[in-house]
There are 2 protein chains.
Amino acid sequence: MIFSFLKDIVHKTRHIFLYGVAMAVLVFLLKWLQWKYLITDHSSDIYTGLIAILFTTLGVWVARQLTETKNRTIIVEKEVYLSEPADAGINEAELKRLNLTTREYEVLQLLKQGYSNAEIGERLFLSVSTIKTHVSNMFVKLDVKNRTQAVEKANRLKIIR
Amino acid sequence: MIFSFLKDIVHKTRHIFLYGVAMAVLVFLLKWLQWKYLITDHSSDIYTGLIAILFTTLGVWVARQLTETKNRTIIVEKEVYLSEPADAGINEAELKRLNLTTREYEVLQLLKQGYSNAEIGERLFLSVSTIKTHVSNMFVKLDVKNRTQAVEKANRLKIIR
DNA sequence: CGAATTTTGGTACGAAAGTATGAATCGCCT
DNA sequence: AGGCGATTCATACTTTCGTACCAAAATTCG
């Protein structure tokens, strides 16, 4: 508990610690250089130059640390075409509202394929008379006058695939 | 010509020039400080400290200049739903291949609406006989047997809106 | 079980669709 | 000028569609 608290503190202030340590090292280095070259007067320029190089390097390093999070985020909107948004889904609500019977709906699906009444009859094993009845009743419910309009409306209402 | 050449050189190396100038200014500053405080021996630490601060600042500035192009560009793809992806465009190639005449194409467009031959005739100011002719010829080109199949195929080939 | 609905099928008839054939007119191109 | 495709229209015929009216099973549901 207390350890994790201290650990957190250390983690958050590690940069400051690093700067402090680096500064201390440099100060010791400076003092050492001072003692070593203080004897010869001619070396004061070299001493100054070394200090300049050292602290320039330090400055660069410090700046690097400070600017590491200086990233600029550029968001580019890219248009992505989606194959078919909401095409697969059929309008269940509308389909229920129309109150079509199962057979009428089956006939409607075959109607869309362009089959004649006789062909539909063959596929459903029904007589042409029966198909005619279903078709006619369906037209009333869809409020259309012929099969082409029925298919057109079914497509528009998305009650068929 | 020569001027623009020199201008280009200057432009590309302006950072180096700036660094040089800054360095010269600092050297003069150092010499001035050296003359001013060299009299008193106790000021050598202050002198060193000032040099350290100056060059640290210089280092930070240099680093800033070097990392100015450190921007990270993040491209985010954003999905944009387009009203109707490829619906507006009709298949011109297929339409041309079918070799429909102008009248046949007009009839086809009205056929899709579920109009009867008589209604199409009224809208195009033509007799029912003419409409029948166009419709029948069109069926051959589309390779279909009735109007419902014609509309279905036209929709599938996207040769009509 | 009984009523309502759905499904199936039939007949009849008119309307519309579709096919086949022929023909006149028009615009365009060589 | 002649050829050609497109357009227009007509007639005749067959097929399909669509409606109306009816009715017997089958199914669903309270």
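# Helices, cores and DNA contacts in a predicted model

Chain A has eight helices and zero strands. The model is a predicted one. Along the sequence, the pattern of chain A reads α-α-α-α-α-α-α-α. Chain A holds 161 residues, and buried residues make up 30% of them. Its exposed area is about 11200 Å², with carbon and sulfur atoms supplying 63% of that area. Among the contacts in chain A with a separation of 6 or more, 61% are between residues 24 or more positions apart.

## The nonpolar cores

In soluble globular proteins, nonpolar side chains tend to be buried together. In this model, the largest nonpolar core has 23 residues. The residues with the most contacts inside this core are B:Leu108, B:Leu111, B:Met138, B:Leu142 and B:Ile159. Five elements of chain B give two or more residues to it: α4 (92-98), α5 (102-112), α6 (117-124), α7 and α8 (147-157). A second, separate core has 22 residues, including A:Leu98, A:Val135, A:Phe139 and A:Val151.

B:Met138 belongs to the largest core. Setting aside neighbours within four places in sequence, B:Met138 is in contact with B:Leu100, B:Glu104, B:Leu108, B:Leu111 and B:Ala150. One of these contacts, B:Glu104, is described next.

## B:Glu104 and helix α5 of chain B

B:Glu104 is located in helix α5 of chain B. Is B:Glu104 buried or exposed? Its relative accessibility is 4%, so B:Glu104 counts as buried, the cut-off being under 20%. The side chain of B:Glu104 reaches the backbone nitrogen of B:Thr101 at 3.0 Å. Leaving aside neighbours within four places in sequence, B:Glu104 is also in contact with B:Asn99, B:His134, B:Asn137, B:Met138 and B:Lys141.

The buried residues of α5(B) are B:Glu104, B:Tyr105, B:Val107, B:Leu108, B:Leu110, B:Leu111 and B:Lys112. An α-helix has 3.6 residues a turn, so residues three or four places apart point the same way. The cover over the buried residues of α5(B) includes α8 (147-156) of chain A, and also α4, α6, α7 and α8 of chain B. Just after α5(B), B:Gly114 has a positive phi of about 85°.

## Helix α8 of chain B

α8(B) is mostly covered, with eight of its 11 residues buried. Those buried are B:Arg147, B:Thr148, B:Gln149, B:Ala150, B:Val151, B:Glu152, B:Ala154 and B:Leu157. Which elements do the buried residues of α8(B) pack against? In chain A they pack against α5 and α8, and in chain B against α4, α5, α6 and α7.

The N-terminal end of α8(B) is capped by B:Asn146, with a side-chain oxygen 3.2 Å from the backbone nitrogen of B:Thr148. B:Lys158 follows α8(B) and has a positive phi, near 55°.

## The two DNA strands

There are 17 residues around DNA strand C, and A:Thr101, A:Arg103, B:Lys132, B:Ser136 and B:Arg147 come nearest. Of the strand C atoms that come within 4 Å of the protein, sugar and phosphate account for 68%. The surface near strand C draws at least two residues from each of α5 (102-112) and α7 (128-142) of chain A and α7 (128-142) of chain B. By type, the residues of this surface are three nonpolar, 11 polar and three charged.

DNA strand D has 18 residues around it, of which A:Lys132, A:Ser136, A:Arg147, B:Thr101 and B:Arg103 come nearest. For strand D, 69% of the atoms within 4 Å of the protein belong to sugar or phosphate, and the rest to bases.

The table lists polar contacts between the protein and the two strands.

| Protein atom | DNA atom | Distance |
|---|---|---|
| A:Ser127, backbone N or O | strand C, phosphate oxygen | 3.1 Å |
| A:Thr130, polar side-chain atom | strand C, phosphate oxygen | 3.2 Å |
| B:Lys132, polar side-chain atom | strand C, base oxygen | 2.9 Å |
| A:Lys132, polar side-chain atom | strand D, base oxygen | 2.9 Å |
| B:Thr101, side-chain N or O | strand D, phosphate oxygen | 2.5 Å |
| B:Thr133, polar side-chain atom | strand D, base nitrogen | 3.3 Å |

Around strand D, the elements that give two or more residues to the surface are α7 of chain A together with α5 and α7 of chain B. The residues of the strand D surface divide into three nonpolar, 11 polar and four charged.

Conventions: Residues numbered from 1 in each chain as written. Chains lettered and ligands numbered in written order. Predicted model: local features only at pLDDT ≥ 70, side-chain atom pairs only at ≥ 80, totals over all residues. Heavy atoms only, no water. Near = heavy atom within 4 Å. Polar contact = N/O pair within 3.5 Å; in protein donor to acceptor, adjacent residues only side chain to side chain. Helix = DSSP H or I, 4+ residues; strand = E, 2+ residues; numbered from the N terminus. Nonpolar A, V, L, I, M, F, W, Y, C, P; charged D, E, K, R; others polar. Core = buried A, V, L, I, M, F, W, Y, C linked by side-chain atoms within 4.5 Å. Buried < 20%, exposed > 50% of the residue type's maximum accessible area, 1.4 Å probe, protein only. Contact = heavy atoms within 4.5 Å. Areas by Shrake-Rupley, 256 points an atom, 1.4 Å probe, with all protein chains shown as cover.
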